[in-house]
Amino acid sequence: MREILLIVLPLVGALVAAAWPSDRTRPWLLPVVGGAHLGLAMWLLASPPVVSPGDWMGFDPLARAVLPVVSLLFFICALYAVAYLRIRRDRPNRVFVAMLLTVIGLLSAGHQARHLGLLWVGTEAVTLAAVPLLHFNDTPRSIEATWKYLLVGGTGIALSLLGSLCLGYASLHGGGGGDMTFVALTAQGTGLSLPWVRIAWVLLLVGYGTKMGLAPMHTWKPEAYGEAPGIVGAILAGGVTTVAFTAILRVRSVVGAAGAGAIADRTLLIIGLFSMLVAAVFLLATRNFKRMLGYSSVEHMGILSIGASLGAAGVWAALFHVWSNSLTKGALFLSAANIRRATGSASVDDVRGAAVLTPRSAALFVAGMFAVTAAPPFGPFFSELRLIRVALADGQGVAVAMILGCLLLAFFGISRVVFAIVDGRPRPSAKKGIGRLAEAPGTILPPLVFLGLSLWLGLFTPTLLQEVWSAAGLQLFPVP
Amino acid sequence: MAGWVGDTVNLNVLIGLAMGLNLLALGSSRIPSVIRAMSVQGVLLGIMPVLLATELDWHVAIVALATVTGKGLVIPALLRRAMRAVSIEREVEPIVGFELSLLLGAGATIGAVATARWLPVLPEHSGTLLVPGAMATVATGFILLVGRVKAITQVCGYLILENGIYLFGLLLIRSTPVLVEAGVLLDVTVGVFVIGIIVDRIQRTFDSLDTRKLTALRE
């Protein structure tokens, strides 16, 4: 019952938001609903409900391992949204608030879906619900970004549906009775028709990989993250992409049971390394600090994909990385949004001296940069270290060398952009006083909390979370 | 049994027609003809589940009815209205030329028929063109999506791609639960509406539906 509330509560909240009369008070619905959602998610994390194997929906170990951090991310972003929408009085926020709430409701559904078809319906509804969030600013550039997101994302939607149908047909052809829950598909195992399973895997990896932002299907990412408001970027990078990742994990376990696990792992490893490489190269070239966050997200999705290719231990590291990356990205997106608002541009060519204009945001941005490029003692350092150790134990020396090389290049690329905007003397055209306007407690505390959480996750990874990640690994790779 | 074979033949005729419409859409130089090819294809797709079913139950009837109205009438009407509202020139403007598109489409069709033979299908589907038809239609959708510059033609490409997926879905029609089917239909419909809204925004912001004007964002 509680797990269904995770879905219903935000959707009801969205309806209330759509009917709410005042633009001024409507944003408060976000933290109210987000807080209730977070409370529920934490309660479920501490005492998970019993999921019976045949359920179509359920708070199973995998949902338990990921959904709480999505909820946490949403709540902190919701607090920031109140301050943000107060500054952005010029834009009507009815659709924006309602769709943000819809997104978290549908995300909760996607993470808990244990049925092939339902998973598709949930994740793709999220993609569509995010569209109005992207063109909140209603500038020509944001419309362009939205169109690219729709075209690329829509093709991803279509391919993952085709892949789901192929996997369904693999089951039918193998004599299955038409039960498309992941439990039933895994139980059918080698009874699934292998040629169809292989086709399904390719289509589902490309389809959900598009949504996750793996290269070469990542092209929507820099555009969308570059033009959407910071909170939207944070929720896309930390929440929406993770639902596609867990979808790939669920499909991967079926493909493994069907006897094609080795091929699946190899494709995941290759596409992951390729994503890291593409991201590293573009990070060295980009001149826009919001687009930079998009490429950084591509890099981290690559890391998740590599983790998913390394068995239960790799999934453990990947789930750890989902947590550390989501929280760190939150800090980066929100502090970048403050700088962007104060300086009026996101380009390295226009922005200088953020340390003078917006000292607190700039400090947070620099600290977030070290966190996301895996400097100790932040969360990403420990999760990536874990991943590298798993890969070495697995004998993937070449892959580890490539990962380390890409991480180094990414560090050069990201630090180049960050210090270019933080250092130096502000442009004369930068108006005095805007900085202070952008640096109210409402816009500084949320990224600070994100950064603190990232630090806490790295230094004191709770035993409860470690157990939850192990349980999720066991769900995906059952020990015979 | 004889009637069943006859139905397979009828089904294959419809799928063959749908594959012909793919080529028509690829070779059309005017947007209204692309939309017409797409809508006729939608109607054909709607008739197929009736032929495929052993007996006509309400589940099949609903799918057929929803498809004919949605793909055959409502969506094409919306597209035509969008086209009139923005009063754009009706030429398609290809990136990939018509002859090349046709060649690619024909190649994809032949390739689809050739490769589909390697894929195992259930005995009840073995005589049908469902798998090659689906593959060829998906390929056509892709060519239109990538090879055209007008937003409306790209939307048509996307919808033809979805028609291909629908053809494949017919293989599973007896095993898909209604709830999931409804969800899929809802997502697709909402998707089309969202795309429509954004097309409208593009028109208002850029004063054109030429997606080549969307080039502000790049490295």
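**Notes on the two-chain helical model**

1. In helix α15(A), the buried residues are S361(A), A362(A), L364(A), F365(A), A367(A), G368(A), M369(A), A371(A) and V372(A). Buried here means that 20 or more other C-beta atoms lie within 10 Å of the residue's own; 12 or fewer makes a residue exposed, anything in between is partly exposed, and the C-beta atoms are placed from the backbone. Helices (H or I, at least four residues) and strands (E, at least two) are DSSP runs numbered from the N terminus.

2. Some housekeeping before going on. This is a predicted model, where local features need pLDDT of at least 70 and side-chain atom pairs count only at pLDDT 80 or more, while totals for chains, interfaces and linings use all residues. Residues are numbered from 1 along each chain as its sequence is written, with chains lettered from A and ligands numbered from 1 in the order in which they are written.

3. Back to α15(A), which covers residues 359-372. Its 14 residues reach 20 Å from the first C-alpha to the last, close to the 20 Å expected at 1.5 Å a residue; the expected span is 1.5 Å times one less than the number of residues. The buried residues of α15(A) have plenty of partners: they pack against α12 (289-308), α13 (311-343), α14 (354-357), α16 (379-393), α17 (397-422) and α19 (441-459) of chain A.

4. The stretch after α15(A) deserves a look. A374(A) sits in the loop between α15 and α16 of chain A, and its phi is near 70 degrees, a positive value in a residue other than glycine. A374(A) counts as buried because it has 23 C-beta neighbours inside 10 Å. P377(A) is in the loop between α15 and α16 too, and a cis peptide bond joins P376(A) to P377(A), with omega about 5 degrees.

5. Where else should you check the backbone of chain A? A215(A) and P216(A) are joined by a cis peptide bond with omega of about 0 degrees, and P216(A) lies in the loop between α9 (194-212) and α10 (220-227). D138(A), in the loop between α6 (131-134) and α7 (140-173) of chain A, has a positive phi near 55 degrees and is not a glycine. With 13 C-beta neighbours inside 10 Å, D138(A) counts as partly exposed.

6. As for chain A overall, it has 20 helices and zero strands. Its C-alpha trace spans about 70 × 55 × 40 Å along the principal axes. The radius of gyration is 21 Å, which agrees with the value near 23 Å for a compact globule of 480 residues; this radius is taken over C-alpha atoms, and the globule rule is 2.2 Å times the number of residues to the power 0.38. Buried residues make up 65% of the 480 in chain A.

7. At the N-terminal end of chain A, α1(A) (residues 2-19) has 18 residues that should span 26 Å, and its end C-alpha atoms are 25 Å apart, which agrees. The buried residues of α1(A) are E3(A), L6(A), I7(A), P10(A), G13(A), A14(A) and A17(A), and what covers them includes α2 and α4 of chain A.

8. How do α2(A) and α4(A) pack? Helix α2 (residues 29-46) and helix α4 (residues 94-112) of chain A meet at an angle of about 10 degrees, with their axes 10 Å apart. That makes α2(A) roughly parallel to α4(A). Axes are lines fitted to C-alpha atoms, for helices over the stretch in contact, and angles run from 0 to 180 degrees between N-to-C directions; under 35 degrees is roughly parallel, over 145 roughly antiparallel, 65 to 115 roughly perpendicular and the rest oblique. L29(A), L30(A), V33(A) and H37(A) from α2(A) meet V97(A), L100(A), L101(A) and I104(A) from α4(A). Those contact residues divide into seven nonpolar, one polar and no charged. (Ala, Val, Leu, Ile, Met, Phe, Trp, Tyr, Cys and Pro count as nonpolar, Asp, Glu, Lys and Arg as charged, and the others, Gly among them, as polar.)

9. Chain B has seven helices and zero strands, and 42% of its 219 residues are buried. One to click on is L159(B), found in helix α6 of chain B: L159(B) counts as buried, with 27 C-beta neighbours inside 10 Å. Leaving aside neighbours within four places in sequence, L159(B) is in contact with M38(B) and I75(B); contact means that the C-beta atoms, placed from the backbone, lie within 7 Å.

10. Finally, the interface: the contact takes 35 residues from chain A and 34 residues from chain B. On the side of chain B that touches chain A, α5 (130-147), α6 (151-169) and α7 (178-206) of chain B each supply at least two residues. The largest share, 13 residues, comes from α7(B). This side of chain B divides into 23 nonpolar, seven polar and four charged residues.

Notes:
Contact = placed C-beta atoms within 7 Å.
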